[in-house]
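User: I'm new to this one and would like to learn how to read it. Can we go through it feature by feature?

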Amino acid sequence: MVLLSQAGPGEGFGAYQESGIVIPCTLNGAPVNYTAMMFLNDELPITAGREIWGFPKRWGEPEMKVEKDTLTGTLNYTGQRVAMGTMVYKHDTACDTPQDCAKKLAKTAVNLKIIPCVTGKPRIAELVSFAMTDITVKGFWRGPARLHLVPHVNAPVADLPVRRVIEGQHIIADLTLPYGRVARDYLA
């Protein structure tokens with residue numbers, strides 16, 4: 001799953017865009033989303049995301065825009081295109097009700113938070129979990145999609161093999177990222 005989002009000015013950091021790779025998996029038998037990589041175009045949310053929640057955030061230039069009947073998301077790293085995804089714009093409603101869509105967005109997510117000590121060894125090694133709250137869904141669509149990933153040494157988005165693209169989803173929602181909890185402390 002590839003994610004591209006845009007944060008509005010109401011959330012404290014100002015407007016910025018981010019993209020990432022989120023992998024559906026299980027933790028203790030329950031479904032969760034694992035955040036593998038994220039790229040943002042603003043230093044403050046990169047730093048806060050890494051230090052508070054353990055998001056694997058780094059600098060990149062993501063962009064999402066609508067061109068006539070196509071929603072296009074791109075990711076550039078140091079001026080080089082490393083990813084492009086396209087989908088049909090507002091093709092088919094993805095949920096029966098906004099509440100059904102909100103449940104999908106509220107799924108528990110996990111990050112591996114590793115912060116090193118001055119010795120180079122880990123000082124913090126935690127699996128952090130969280131779930132979005134205060135979700136107001138404004139639109140949720142699905143449709144045919146395509147994805148193109150380019151190998152890059154510092155933006156390895158193409159390293160995970162994509163066997164096929166099932167569909168694209170376009171979500172417009174207001175939501176809150178609350179503080180997380182430590183699901184597992186690997187140094188305890």
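Analyst: Sure, we'll take ring pairs, salt bridges, a sheet, some backbone angles and a surface patch in turn. Keep in mind that this is a predicted model.

User: Let's start with the rings. How many aromatic pairs does the structure hold?

Analyst: The general idea is that a pair of aromatic rings is described by the distance of the centres and the angle of the planes. In this structure there are four aromatic pairs. Take Phe39 and Tyr77: their ring centres are 6.1 Å apart and their planes meet at 80°, so this pair is edge-to-face.

User: Where do Phe39 and Tyr77 lie?

Analyst: Phe39 belongs to strand β3 (residues 30–40) and Tyr77 to strand β6 (residues 70–77), so the pair ties together parts that are 38 residues apart in sequence.

User: And are those two buried or exposed?

Analyst: Phe39 is buried, with a relative accessible area of 1%. Tyr77 counts as buried as well, at 12% relative accessibility.

User: What about a pair with another geometry, such as Trp53 and Phe55?

Analyst: That aromatic pair is tilted, with 6.3 Å from centre to centre and 55° between the planes. The cut-off helps here: planes over 60 degrees apart would count as edge-to-face, and those under 30 as stacked. Trp53 is buried at a relative accessible area of 11%, and Phe55 is buried at 7%.

User: Which residues do ring pairs link into a cluster?

Analyst: The cluster consists of Trp53, Phe55, Phe130 and Tyr179. Phe55 has a charged neighbour too: Lys57 lies over the face of its ring, 5.0 Å from the ring centre.

User: Lys57 brings me to charges. How many salt bridges are there?

Analyst: The general idea first: side chains of opposite charge can pair when their charged atoms come close. Here the count comes to four salt bridges. In one of them, Lys57 pairs with Glu18, and the closest N and O atoms are 3.4 Å apart. Lys57 sits in strand β4 (residues 57–59) and Glu18 in strand β2 (residues 16–27), so this salt bridge ties together parts that are 39 residues apart in sequence.

User: Are Lys57 and Glu18 buried or exposed?

Analyst: Both are buried. For another case, look at Glu67 and Lys65, which form a salt bridge with their closest N and O atoms 3.8 Å apart. Glu67 is partly exposed, at 45% relative accessibility, and Lys65 is partly exposed at 39%.

User: What does the salt bridge between Glu167 and Arg142 tie together?

Analyst: The two side chains meet at 2.9 Å, N to O. Glu167 is in the loop between β12 (145–149) and β13, while Arg142 is in strand β11, so the pair ties together parts that are 25 residues apart in sequence. Glu167 is partly exposed, with a relative accessible area of 30%; Arg142 is partly exposed too, at 24%.

User: You mentioned β11 and β13. In what order do the strands of their sheet come?

Analyst: As general background, strands of a sheet pair through backbone hydrogen bonds, either parallel or antiparallel. In this sheet, three strands run in the order β8-β11-β13, the sheet is open and the pairing is antiparallel. The edge strands are β8 (92–93) and β13 (168–176), each pairing on one side only. Two bridges join β8 to strand β11 (residues 133–143), and Thr93 stands opposite Trp141 in β11.

User: Which way does phi point in Lys90, positive or negative?

Analyst: Phi of Lys90 is positive, near 50°, even though the residue is not a glycine. You'll find Lys90 in the loop between β7 (80–88) and β8, partly exposed at a relative accessible area of 40%. Asp134, also not a glycine, has a positive phi of about 50°. Asp134 is in strand β11 and counts as exposed, at 56% relative accessibility.

User: One more: which residues make the nonpolar surface patch?

Analyst: Leu112, Ile114 and Tyr186 make that patch, and its area is about 280 Å². Leu112 is in strand β9 (residues 109–116) and is partly exposed, with a relative accessible area of 37%.

Methods: Residues are numbered from 1 along each chain as its sequence is written. This is a predicted model: local features need pLDDT of at least 70, side-chain atom pairs count only at pLDDT 80 or more; totals for chains, interfaces and linings use all residues. Side-chain values use heavy atoms; hydrogens and water are left out. Patches are made of residues with over 30% relative accessible area and no salt bridge: like charges are joined within 9 Å, nonpolar side chains (Val, Leu, Ile, Met, Phe, Trp, Tyr) within 5 Å. Accessible areas come from the Shrake-Rupley method with a 1.4 Å probe; for residues, only the protein chains shown count as cover. Helices (H or I, at least four residues) and strands (E, at least two) are DSSP runs, numbered from the N terminus. Buried means under 20% relative accessible area, exposed over 50%, partly exposed in between (1.4 Å probe, protein chains only). Rings of Phe, Tyr and Trp (its six-membered ring) pair if their centres lie within 6.5 Å; planes under 30 degrees apart count as stacked, over 60 as edge-to-face and the rest as tilted. A charge sits over a ring if NZ of Lys or CZ of Arg is within 6 Å of the ring centre and within 35 degrees of the ring normal. Two strands pair if DSSP finds at least two bridges between them.
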